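Subject: Structure for your review

Dear colleague,

Please find below the structure for your consideration. A summary of what was found in it follows.

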Amino acid sequence: MAIQSITITQPDDWHVHLRDGAMLQQVAGYTARQFGRAIIMPNLTPPVTTAAMAAAYRDRIKAATADYPDFEPLMTAYLTDDMDPEEIVRGHADGVFTAAKLYPANATTNSAAGVTDVKKIYAVLEAMQRMGMPLLVHGEVVNDAIDVFDREAAFIDQVMQPLLKDLPELKVVFEHITTQDAADFVTAGDEHLAATITVHHLQINRNDMLVGGIKPHLYCLPIAKRELHRQALRRAATSGSGKFFLGTDTAPHAIGDKESACGCAGIFSAPQALENYLQVFEEEGALDRFEGFASLYGPAFYGLPVNDKKVTLSKAKQVVPERMGQGPLTVVPYRSGQTLVWQLQGE
Ligand code: DOR
Ligand code: ZN
């Protein structure tokens, strides 16, 4: 008989956009309900570039998740061309910055202040290497000549390989990988290199986004690729390799910003993230490998303890709401209107 319930160490989400203000109030509880910790992305307006800004943002997140007092937001610094290495060193030493995020300038939402050339921030990266502080990388080149579907693969050759060669002991997380190229590259790398994988890139390919009418709520960056890449990501996530771990990249945008002539990139997957990941592992016959991916390998890479708490997911159908939230901030969750087969207990 098929397994009816699974109990694992509480997972963490190693890549989350919680936004700020009213949107933060609306979405933060969905992440805090499921996860012990979350790596909080710093692409606010203005971006989170100082430890003081990150500490203040962390306080706002704690206030927005007061119903889940054990939830721990792990803060990141938004790297810019002129970032002072001292700010990173002090912020990390003071326990404010867990990691730093590298956005290539103009690669995605609120990345205009990102890095134009990684060589410009080598002093920062050298300091991070010395401290064992992870660098989280949005791995897409920004170049009009490169097709949007090829931007991750091009990044490996043009940026990632030289970076790892120059800074061989820097801990690097290749965030939200979407290609077989990236999965192979990370598999072949040493213990300083790991990757997060989103649930949507395990479940959708570019046909899901584009065939039968464009689906703005499946548009994200890096963009979903062709099926062979999705299959490679499923193999990587369920392989049992400690180099691959959970990071949803949940990225809410108000419905009007998604259903628009120039729609924003981002998929709001937080509310049922664990249920969807677990469905993938079940489909792949890899339920025994779910806990490693969701709860163990991330902490091991970051050098943090695993969570004490356990969570249980049971076989129980649930329908994802069509919409969540109020008024202009209404968001359409990932897989809205669809029936999921697992349900997180304790709700
Ligand atoms: O789809 C995305 N949305 N990709 C990103 O890199 C950023 C994110 C956002 O902040 O909306
Ligand atoms: Zn992201």
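In what follows, a donor is an N, O or S atom within 2.8 Å of the metal; because water is not among the atoms, a site may look incomplete. Please note also that this is a predicted model.

**The zinc site**

The zinc ion (ligand 2) has as its protein donors His15 through NE2, His17 through NE2 and Asp249 through OD. These lie 2.0 to 2.1 Å from the zinc ion. Along the sequence, the donor residues follow the spacing H-x1-H-x231-D. The site thereby links distant parts of the chain: His15 belongs to strand S2 (residues 13-16), whereas Asp249 is found in the loop between strand S9 (244-246) and helix H10 (255-258), and the two are 234 residues apart. Both His15 and Asp249 are buried.

**The site of ligand 1**

Which cavity holds ligand 1? Ligand 1 sits in the largest cavity. It is surrounded by 13 residues, and the closest are Arg19, Asn43, Thr108, Leu221 and His253.

Several polar atoms of the protein approach ligand 1, as follows.

- Asn43: a side-chain N or O atom is 2.8 Å from an oxygen atom of ligand 1.
- Thr108: a polar side-chain atom lies 2.9 Å from an oxygen atom of ligand 1.
- Ala265: a backbone N or O atom lies 3.0 Å from a nitrogen atom of ligand 1.

On its own, ligand 1 has 290 Å² of accessible area, and the protein covers 100% of it.

Yours sincerely

Conventions. Residues numbered from 1 in each chain as written. Chains lettered and ligands numbered in written order. Predicted model: local features only at pLDDT ≥ 70, side-chain atom pairs only at ≥ 80, totals over all residues. Heavy atoms only, no water. Donors = N, O, S within 2.8 Å, 3.2 Å for Na, K, Ca; no water. Helix = DSSP H or I, 4+ residues; strand = E, 2+ residues; numbered from the N terminus. Buried < 20%, exposed > 50% of the residue type's maximum accessible area, 1.4 Å probe, protein only. Near = heavy atom within 4 Å. Polar contact = N/O pair within 3.5 Å; in protein donor to acceptor, adjacent residues only side chain to side chain. Areas by Shrake-Rupley, 256 points an atom, 1.4 Å probe, with all protein chains shown as cover. 1 Å grid on protein atoms, 1.4 Å probe; cavity = no way out; pocket = protein on both sides within 12 Å on 5 of 7 lines; lining within 4 Å. Sits in = over half its atoms within 2 Å of the grid points.
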